[in-house]
Amino acid sequence: MNELLTDQIFENHNFAENPLVADFEDCVFKSCVFAKANLSKLTFTNCTFENCDLSGAKLIQTAFQECDFSACKMLGIAFEACNTFLFQIYCSSCTLDFSSFYQVDLSSSQFSQCQLKEADFTEANLTGVFLDECNLAGATFDQTNLEKTDFSSAVHYELNPDENKIRGAIFSKEGLAGLLSSYHIKIV
């Protein structure tokens, strides 16, 4: 069992070069580097990450429970390897390009003003998620539960309504082209 660190602030710490093997509760990470770090089997509960780089971090059975990410770089993260128990993330102004959410339950998570280019949402559950001003260029939606998902301010998404559950989803008029692109029709 890992040591539990609570109510601590970590600033400019490089976890890739100087790893801390612990579980974290109510901690704040500011301008920390986790890029390519092995965070496997660690637990982060009610933690805040501000302006951190988590790109390519190894997250096998890593638990993110009610964690906030603000202005973080999170390229190519395999979230499907995370511990699913109480998994909940809130991402604001983050770059999550090339990240994978394959079969991840995101129904309790939120994304605001995030870059999710080429992200993989195959078989994920986004029920009721608001993708507030998110860029979804090249994102994959295949057998994804998008019921009641709010795409009203999202941009550059393309998805096939026949391949995904979209009952009650919200789309803007401007986003209809991405919703209908799989039918190879012209919209004028």
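**View 1. Contact range and overall fold of the predicted model.** Residues 24 or more positions apart account for 3% of the contacts with a separation of 6 or more in the protein. The structure is a predicted model. The protein holds 11 strands and one helix. Along the sequence the order is β-β-β-β-β-β-β-β-β-β-β-α. The radius of gyration is 17 Å, close to the 16 Å from the globule rule for 188 residues, so the protein is as compact as a globular protein of that length. Taken along the principal axes, the box filled by the C-alpha atoms is roughly 55 × 25 × 25 Å.

**View 2. Surface and charge.** The exposed area of the protein is about 9500 Å². Carbon and sulfur atoms supply 47% of that area. Of the 188 residues, 43% are buried. The side chains include 11 positive and 26 negative ones. The centres of these two sets lie 6 Å apart.

**View 3. The largest nonpolar core.** This core has 56 residues. Which of its residues touch the most other members? They are Phe24, Phe29, Phe49, Phe69, Phe101, Phe111 and Phe121. Strands β3 (22-25), β8 (67-70) and β9 (89-92) each supply at least two residues of this core.

**View 4. Surroundings of Phe49.** Phe49 is among the core residues that touch the most other members. Neighbours within four places in sequence are left aside here. The contacts of Phe49 include four other phenylalanines by name: Phe29, Phe34, Phe44 and Phe64. Phe69 is also in contact with Phe49. Cys67, Asp68, Ser70 and Cys72 complete the list. Phe29 and Phe69 also belong to the core residues that touch the most other members.

**View 5. Leu39 in the loop between β4 and β5.** Leu39 sits in the loop that runs between β4 (28-30) and β5. Is this leucine, Leu39, buried or exposed? Its relative accessible area is 4%, below the 20% cut-off, so Leu39 is buried. Beyond neighbours within four places in sequence, Leu39 is in contact with Phe34, Ala57, Lys58, Leu59 and Thr62. Phe34 also appears among the contacts of Phe49. Leu5 lies 34 residues away from Leu39 along the chain, and the two C-alpha atoms are separated by 15 Å.

**View 6. Positive phi at Asn46 and Leu86.** Asn46 lies in the loop between β5 (43-45) and β6 (48-50). Its phi is near 55 degrees, a positive value in a residue other than glycine. Relative accessibility at Asn46 is 38%, so Asn46 counts as partly exposed. Leu86 is found in the loop between β8 and β9. Leu86 is not a glycine either, yet its phi is positive, at about 55 degrees. With 55% relative accessibility, Leu86 counts as exposed.

**View 7. Gly178 in helix α1.** Helix α1 spans residues 176-180 and contains Gly178. Gly178 has 9% relative accessibility and therefore counts as buried. Which residues does Gly178 touch, not counting those up to four places away in sequence? They are Tyr157, Glu158 and Leu159. Lys58 is 120 residues from Gly178 in sequence. In space, the C-alpha atoms of Gly178 and Lys58 are 33 Å apart. Lys58 is one of the contacts of Leu39.

Definitions and conventions: Residues are numbered from 1 along each chain as its sequence is written. This is a predicted model: local features need pLDDT of at least 70, side-chain atom pairs count only at pLDDT 80 or more; totals for chains, interfaces and linings use all residues. Side-chain values use heavy atoms; hydrogens and water are left out. Helices (H or I, at least four residues) and strands (E, at least two) are DSSP runs, numbered from the N terminus. The radius of gyration is taken over C-alpha atoms; the globule rule is 2.2 Å times the number of residues to the power 0.38. Buried means under 20% relative accessible area, exposed over 50%, partly exposed in between (1.4 Å probe, protein chains only). Contact means heavy atoms within 4.5 Å. Accessible areas come from the Shrake-Rupley method with a 1.4 Å probe; for residues, only the protein chains shown count as cover. Lys and Arg count as positive and Asp and Glu as negative; His and the chain ends are not counted. The place of a charge is taken as NZ of Lys, CZ of Arg, CG of Asp or CD of Glu. A nonpolar core is a set of buried Ala, Val, Leu, Ile, Met, Phe, Trp, Tyr and Cys residues joined through side-chain atoms within 4.5 Å.
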